[in-house]
Amino acid sequence: AWKPTDKISTTAGADYAAGPDQNMATANGLFSYDADKVRFGAEGYFRTIDFAESELSRKVIGLSGWVIVQAGENLELIGRFDRVEREEGDDKLDENFIIAGVSFSPHAQVHFIPNVWINDFTTIDPTIVPRVTVHADF
């Protein structure tokens with residue numbers, strides 16, 4: 001991780017694993033910025049898997065972006081967008097994933113977050129899931 005200022009964070013990584021059934025390589029990077037009332041960032045990754053017993057390989061490319069805006073003393077607006085492209089042989093599957101929510105914090109260590117997930121694949125109808133997340137730090 002590299003943090004050039006108190007407000008900016010970055011990371012980069014890579015991994016390679018060789019095994020009897022498959023070889024996998026991954027690379028990723030992250031950037032985030034933390035201002036007084038806004039936090040945002042982006043993360044990307046690339047993964048390739050080669051299967052030993054076939055000519056098949058799988059490639060996955062992903063990108064995430066998020067933003068959190070402080071809308072009041074105990075209130076934050078949250079948004080996230082993920083894009084994932086998967087390719088295995090001639091098969092392709094793309095996915096868009098969206099989260100939007102509001103975080104209410106009645107106590108510094110407790111957050112109630114009503115939110116909605118929207119998951120949209122290229123091959124099927126979108127899935128919309130209303131949710132409530134409770135986050136507590138102990």
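**Figure 1. Val67 stands opposite Gly79 in β5.** This close-up comes from a predicted model. Strands β4 and β5 run antiparallel, and 14 bridges join them. The two strands form a hairpin, with 2 residues between them. β4 covers residues 57–72, and β5 covers residues 75–88. Val67 and Gly79 also appear in another view, as both help to line the largest pocket.

**Figure 2. Strands β3 and β4 pair in the antiparallel sense.** Strand β3 spans residues 38–51. Its pairing with β4 runs over 13 bridges. Look for Gly44, whose bridge partner in β4 is Leu63. How many residues does the hairpin use to join β3 to β4? The hairpin joins them through 5 residues. Strand β4 thus has a place in two views: it pairs with β3, and it is joined to β5 by bridges. One general point helps when reading any strand. In a regular strand, side chains alternate between the two faces of the sheet.

**Figure 3. Several strands help to line the largest pocket.** The volume of this pocket is about 220 Å³. Which strands each supply at least two residues of the lining? They are β4, β5, β6 (91–107) and β7 (110–121). The largest share comes from β4, with 4 residues. Among the lining residues are Ser64, Trp66, Val67 and Ile68. Ile78, Gly79 and Arg80 are also part of the lining. So are Ile99, Gly101, Ile113, Asn115 and Thr133. Sorted by class, the lining holds 6 nonpolar, 5 polar and 1 charged residues. A general idea lies behind such a view: rolling a probe the size of a water molecule over the atoms shows where empty space is left.

**Figure 4. Tyr33 and Phe40 form a tilted aromatic pair.** The structure holds 2 aromatic pairs, and Tyr33 with Phe40 is one of them. Their rings lie 5.5 Å apart, centre to centre. The angle between the planes is 40°. Are these residues buried or partly exposed? Tyr33 is partly exposed, because its relative accessible area is 28%. Phe40 has a relative accessibility of 36%, so Phe40 counts as partly exposed too.

**Figure 5. Phe97 and Trp117 form an edge-to-face aromatic pair.** Centre to centre, the rings are 5.3 Å apart. The planes meet at 75°. This pair links distant parts of the chain. Phe97 sits in strand β6, Trp117 sits in strand β7, and they are 20 residues apart. Phe97 counts as buried because its relative accessibility is 13%, under the 20% cut-off. Trp117 has a relative accessible area of 30%, so Trp117 is partly exposed.

**Figure 6. Trp117 has a bridge partner in β8, Val129.** Strand β8 covers residues 127–136. It pairs with β7 in the antiparallel sense, over 10 bridges. The two strands form a hairpin with 5 residues between them. Trp117 therefore takes part in an aromatic pair with Phe97 and in a bridge with Val129.

**Figure 7. Ser32 is found in strand β2.** This strand spans residues 22–34. Ser32 counts as buried because its relative accessibility is 18%, under the 20% cut-off. Which residues does Ser32 touch, not counting those up to four places away in sequence? They are Lys7, Ile8, Ser9, Phe40, Gly41 and Trp66. Two of these names recur in other views. Phe40 pairs with Tyr33, and Trp66 helps to line the largest pocket.

Conventions. Residues are numbered from 1 along each chain as its sequence is written. This is a predicted model: local features need pLDDT of at least 70, side-chain atom pairs count only at pLDDT 80 or more; totals for chains, interfaces and linings use all residues. Side-chain values use heavy atoms; hydrogens and water are left out. On a 1 Å grid over the protein atoms alone, a cavity is a set of points where a 1.4 Å probe fits but cannot get out, and a pocket is an open set with protein on both sides within 12 Å along at least five of seven lines; lining residues have an atom within 4 Å of a point. Grid points are joined across faces, edges and corners, and a volume is the space filled by probe spheres set on the points. Ala, Val, Leu, Ile, Met, Phe, Trp, Tyr, Cys and Pro count as nonpolar, Asp, Glu, Lys and Arg as charged, and the others, Gly among them, as polar. Rings of Phe, Tyr and Trp (its six-membered ring) pair if their centres lie within 6.5 Å; planes under 30 degrees apart count as stacked, over 60 as edge-to-face and the rest as tilted. Buried means under 20% relative accessible area, exposed over 50%, partly exposed in between (1.4 Å probe, protein chains only). Contact means heavy atoms within 4.5 Å. Two strands pair if DSSP finds at least two bridges between them.
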